[in-house]
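Follow the account below with the model open. It deals with side-chain contacts, charges at the surface and backbone angles.

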Amino acid sequence: MAATRLIAMRKNKGKSISACLNNHTSYIQNPDKTEQGELVSSYQCSPLTVDEEFMLTKRLYEQTTGRRQKSNVIAYQVRQSFRPGEVTPEEANKIGYEFAERFLKGKHAFIVATHTDRAHIHNHIIYNSTALDGTRKFRDFYFSALAVQRLSDLICLEHQLSVIQKKPYRERQKRILYPPKESNRDKLCTVIDNILLHDKLKDFAAFLDALEQQGYEVKRGKHPSVKGKGQRRFIRFRTLGAGYTEEEIKTVLDGKAEHQPHPKQPLPEKKFGLLVDIPTKMAEGKTSGYKKWATKFNLKEMSKTLLYLQEKKIDSADELRERAAAATERYHTLGDSIKAAEKRMGEIAVLRAHIVNYAKTRDAYAAYRKAGYSKKFLEAHREEIELHKAAKAAFDEADLKKLPKVKDLNVEYSELLSQKKIAYPEYRKAKEEMQELVRAQKNVERFFAEEKQMHETEQVR
């Protein structure tokens with residue numbers, strides 16, 4: 001049995017295509033995962049120089065067709081995972097090679113690496129997006145992932161391996177409960193709760209050691225912070241809220257207070273959902289059973305909508321339309337003001353950096369001019385001179401006759417930041433109100449449209 005997945009490999013921002021190809025192909029050939037390279041096979045390329053040979057084919061494509069690569073897709077990868085204990089690593093590599101041969105029909109170079117570092121043996125198959133003859137590229141066609149899966153299943157059956165049996169829709173187990181999403185800060189608070197409530201620690205240093213044992217990276221210093229696995233940034237304790245600051249944790253550790261974990265708030269439920277467009281769904285081929293379910297669903301959601309309108313004291317469709325339009329306008333106005341503040345903050349940050357660089361490099365540029373724009377002086381102070389020129393060009397582009405003071409820019413930046421922080425809660429509230437009113441408006445319009453259609457149908461009969 002093999003579970004397959006087709007993945008388009010794209011060029012990373014800030015890196016060349018060659019560097020990206022090298023990263024991807026080097027990863028799958030990791031000696032620790034491929035029995036020191038014994039489980040690596042390839043077609044029309046060498047595993048040692050696969051990235052360079054892929055690039056040669058791409059250059060041939062540019063010379064042959066006269067077209068440059070517009071898409072950021074540089075290669076494709078197929079991951080093929082096998083049931084534990086069903087195949088040997090050598091058999092898995094042969095199956096992966098056979099799959100690539102039959103799927104690509106010899107038109108694209110590829111490399112197959114079989115990994116044995118997990119409980120399940122799996123293949124990484126990377127093939128060049130450009131054909132070997134340099135005349136065309138692989139087209140990720142509609143349902144290509146399904147074609148990959150079916151061919152993989154066929155090859156598995158030919159090798160007397162099991163395949164994943166798809167259950168009929170009615171026999172599938174439907175998921176009705178979804179775990180609430182937990183942020184990195186919430187996870188950290190839970191870990192701190194467990195440590196403070198169950199572990200007997202002497203001081204704050206022992207507390208930080210306990211966090212390290214839980215897998216957190218700890219940065220000690222004036223403002224201690226921690227970072228969990230997969231996190232990009234460190235989290236300071238003072239940003240976790242009341243009960244989790246460094247001072248409060250030390251008070252608990254000294255025995256002067258008891259730790260009170262934050263009660264977890266359940267996620268707010270949506271007051272009502274959109275009604276189902278039953279005529280459109282039936283035209284798409286839905287069954288009478290679906291129509292019966294949708295009719296009940298619409299009645300429930302419409303009753304919730306009417307309760308919401310009663311709560312908001314909206315008595316007519318015209319009033320609802322006016323309130324929805326006003327809420328939408330308010331939401332966009334607040335959003336535009338926040339965007340304008342963010343844009344100005346970005347401009348201030350760039351201008352401030354240019355002013356600082358201009359001041360720092362003024363003496364170096366003056367010496368450069370005094371040296372008669374000497375090439376030797378330029379090579380020795382290239383970075384400072386280029387920073388000075390970039391700052392001067394930015395000032396000219398902004399048509400600044402007189403440079404503002406950095407202190408004044410800092411004050412303006414702080415004011416904009418404060419305004420943005422104050423506006424965000426109001427913006428979120430406006431967004432929620434707009435969504436509810438617009439949803440209610442659509443439900444009312446759809447409900448009365450269906451009622452009108454049913455009435456007209458009865459009159460015709």
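The side chains of Gln77 and His124 are joined by a polar contact of 2.6 Å. A polar contact here is a pair of N or O atoms within 3.5 Å; within protein, one atom must be able to donate a hydrogen and the other to accept it, and residues adjacent in sequence count only if both atoms are side-chain atoms. Gln77 belongs to strand E3, residues 73-82. Strands (E, at least two residues) and helices (H or I, at least four) are DSSP runs, numbered from the N terminus. Gln77 is buried, because its relative accessible area is 6%; buried means under 20%, exposed over 50%, and partly exposed in between (1.4 Å probe, protein chains only).

The model is predicted: local features need pLDDT of at least 70 and side-chain atom pairs count only at pLDDT 80 or more, while totals for chains, interfaces and linings use all residues. Residues are numbered from 1 along each chain as its sequence is written, and side-chain values use heavy atoms, with hydrogens and water left out.

The structure holds 21 salt bridges, each defined as a side-chain nitrogen of Lys or Arg within 4 Å of a carboxyl oxygen of Asp or Glu. One of them pairs Asp117 with Lys33, with 4.0 Å between the closest N and O atoms. This pair links distant parts of the chain, 84 residues apart: Asp117 is in the loop between strand E4 (110-115) and strand E5 (122-128), and Lys33 in the loop between H1 and E2. Asp117 is partly exposed at 37% relative accessibility, whereas Lys33 is buried at 16%. Both residues belong, with Arg118, to a network of salt bridges.

Another salt bridge, at 2.8 Å from N to O, brings together the side chains of Asp209 and Arg220. Asp209 sits in helix H6 (residues 204-213) and Arg220 in the loop between strand E6 (217-219) and strand E7 (225-227), so the bridge ties together parts 11 residues apart in sequence. Asp209 is partly exposed at 34%, and Arg220 is partly exposed at 43%.

How far apart in sequence are Glu347 and Arg344? They are 3 residues apart in helix H10 (residues 317-370), which means a separation of about one helical turn. Their side chains meet in a salt bridge of 3.3 Å, N to O. Glu347 is partly exposed at 37%, as is Arg344 at 28%.

Charged residues also form surface patches. Glu35, Glu38, Glu90 and Glu91 make up a negative patch, and Lys219, Lys222, Arg236 and Arg238 a positive one. Patch residues have over 30% relative accessible area and no salt bridge, and like charges are joined within 9 Å. Lys and Arg count as positive and Asp and Glu as negative; His and the chain ends are not counted. In the positive patch, Arg238 lies in the loop between strand E8 (235-236) and helix H7 (246-253), and is exposed at 52%.

In the negative patch, Glu35 occupies the loop between helix H1 (17-28) and strand E2 (40-43) and is partly exposed at 43%. Phi of Glu35 is near 55°, a positive value in a residue other than glycine. Phi of Asp399 is likewise positive, near 55°. Asp399 is in the loop between helix H12 (382-397) and helix H13 (406-460) and counts as exposed at 53%.

Notes: Patch = residues over 30% accessible without salt bridge, like charges linked within 9 Å, V, L, I, M, F, W, Y side chains within 5 Å. Areas by Shrake-Rupley, 256 points an atom, 1.4 Å probe, with all protein chains shown as cover. Charge placed at Lys NZ, Arg CZ, Asp CG, Glu CD.
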